[in-house]
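Trainee: Please pick one part of this model for a close look and explain how it sits in the rest of the chain. I would like the reasoning spelled out.

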Amino acid sequence: MLFRSCAGQSATLTANSTGDATFAYSWSSGGSSITETVTPSSNTSYTVAVIDGNGIRVTSAPVTVMVNQLSVSGVAVGNQTICSGNIPSALSLSGNTGNIQWQISADSISFNNIGLATSSTLSSAQMGALTSTRFYRASVTSGVCASALSNVVKITVNNKSFSITNISR
């Protein structure tokens with residue numbers, strides 16, 4: 001059996017024994033109750049020996065607690081200003097720990113996932129031509145650990161236009 005946990009978090013293991021006898025418990029981690037709370041720093045396997053009132057001892061199969069490193073957001077770079085209708089340069093994320101999901105927002109408050117944008121680089125093609133300012137960030141998740149959010153990158157879209165009204169020699 002496998003349990004997943006985040007670094008620094010505890011996991012509670014419970015022995016299941018049936019019958020009407022009194023049972024004693026002996027965990028490989030040193031505990032002696034029906035439940036054992038562990039906080040491993042790396043992947044660790046545990047067993048429990050259950051001893052009934054007649055001294056019969058049965059040892060469980062190993063249970064492994066798989067420890068995921070905490071999610072680390074990293075740093076997103078690529079702030080830029082472009083003209084309306086142009087395609088921005090790629091954005092990049094570095095120093096992260098975990099799986100990446102790029103997100104987009106029109107107001108820097110409410111963000112939505114960008115489909116298939118899961119690498120350290122958010123390409124120009126994935127952003128496409130922009131006609132208004134957009135905000136981007138990365139959500140990074142390591143295993144079962146809580147997500148961490150990167151800083152926000154702003155692509156400012158300049159909507160100013162000009163026209164030539166008079167050409168003289």
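Mentor: One cut-off is needed at the start: a residue counts as buried when its relative accessible area is under 20%, as exposed when it is over 50%, and as partly exposed in between. The model is predicted, and the part I take is its disulfide. The count is 1 disulfide, and it joins C6 to C145, with an S to S distance of 2.1 Å. A disulfide is a covalent bond between the sulfur atoms of two cysteines. The torsion about the S-S bond of C6 and C145 is about -135°, so this disulfide is left-handed. C6 belongs to strand 1 (residues 2-6), while C145 lies in the loop between strand 15 (134-141) and strand 16 (148-149), so the pair ties together parts that are 139 residues apart in sequence.

Now apply the cut-off to the two ends. C145 has a relative accessible area of 5%, so C145 is buried. C6 has a value of 2% and is therefore buried as well. C83, another cysteine, has 44% relative accessible area and so falls in the partly exposed class.

Next, the surroundings of the C6 end. F3 also lies in strand 1, and at 32% relative accessibility F3 counts as partly exposed. Leaving aside residues up to four places away in sequence, F3 touches L13, V63, T64, V65 and M66. Of these, L13 falls within strand 2 (residues 11-14), and V63, T64, V65 and M66 fall within strand 8 (63-68). The C-alpha atoms of F3 and S45 are separated by 9.9 Å, with their positions 42 residues apart along the chain.

Strand 2 leads on to strand 4 (residues 35-38). The two run antiparallel and are joined by 4 bridges; in one of these pairings, A11 has V38 as its partner. Strand 4 has a covered face made of E36 and V38, and an uncovered face made of T35 and T37.

On the side of C145, the loop after strand 15 can be viewed from V72. V72 sits in the loop between strand 8 and strand 9 (75-77), and its relative accessible area of 36% makes it partly exposed. Apart from residues up to four places away in sequence, V72 touches G95, N96, T97, V140 and A148. V140 lies within strand 15, and A148 within strand 16. The C-alpha atoms of V72 and S147 are 8.0 Å apart, although the two residues are separated by 75 positions along the chain.

Strand 15 also contributes to a nonpolar core. The largest such core has 17 residues, of which L91, L93, W102, L122 and Y136 touch the most other members. Strand 11 (91-94), strand 12 (99-105), strand 15 and strand 17 (153-158) each supply at least two of its residues. A second, separate core has 11 residues, including Y25, W27, V38 and Y46. V38 is thus the residue of strand 4 that pairs with A11 and also a member of this second core.

Y25 brings in another set of strands. Strand 3 (residues 24-27) and strand 6 (residues 48-51) are antiparallel and share 4 bridges, with V50 of strand 6 as the bridge partner of Y25. Strand 6 in turn runs antiparallel to strand 7 (residues 57-59), with 3 bridges between them; there A49 is paired with T59. Strand 6 and strand 7 make a hairpin with 5 residues between them, and G55 in the turn has a positive phi of about 85°.

Last, the whole chain. It has 1 helix and 17 strands. Its radius of gyration is 27 Å, well over the 15 Å that the globule rule gives for 169 residues, so the chain is more spread out than a compact globule. Along the principal axes, the C-alpha atoms fill a box of roughly 110 × 25 × 20 Å. Of the 169 residues, 31% count as buried, with C6 and C145 among them. The exposed area is about 10100 Å², and carbon and sulfur atoms supply 50% of it. Among contacts between residues at least 6 apart in sequence, 57% join residues at least 24 apart.

Key
Residues are numbered from 1 along each chain as its sequence is written. This is a predicted model: local features need pLDDT of at least 70, side-chain atom pairs count only at pLDDT 80 or more; totals for chains, interfaces and linings use all residues. Side-chain values use heavy atoms; hydrogens and water are left out. Buried means under 20% relative accessible area, exposed over 50%, partly exposed in between (1.4 Å probe, protein chains only). Two strands pair if DSSP finds at least two bridges between them. A disulfide is a pair of cysteine sulfur atoms within 2.5 Å. Contact means heavy atoms within 4.5 Å. A nonpolar core is a set of buried Ala, Val, Leu, Ile, Met, Phe, Trp, Tyr and Cys residues joined through side-chain atoms within 4.5 Å. The radius of gyration is taken over C-alpha atoms; the globule rule is 2.2 Å times the number of residues to the power 0.38. Accessible areas come from the Shrake-Rupley method with a 1.4 Å probe; for residues, only the protein chains shown count as cover.
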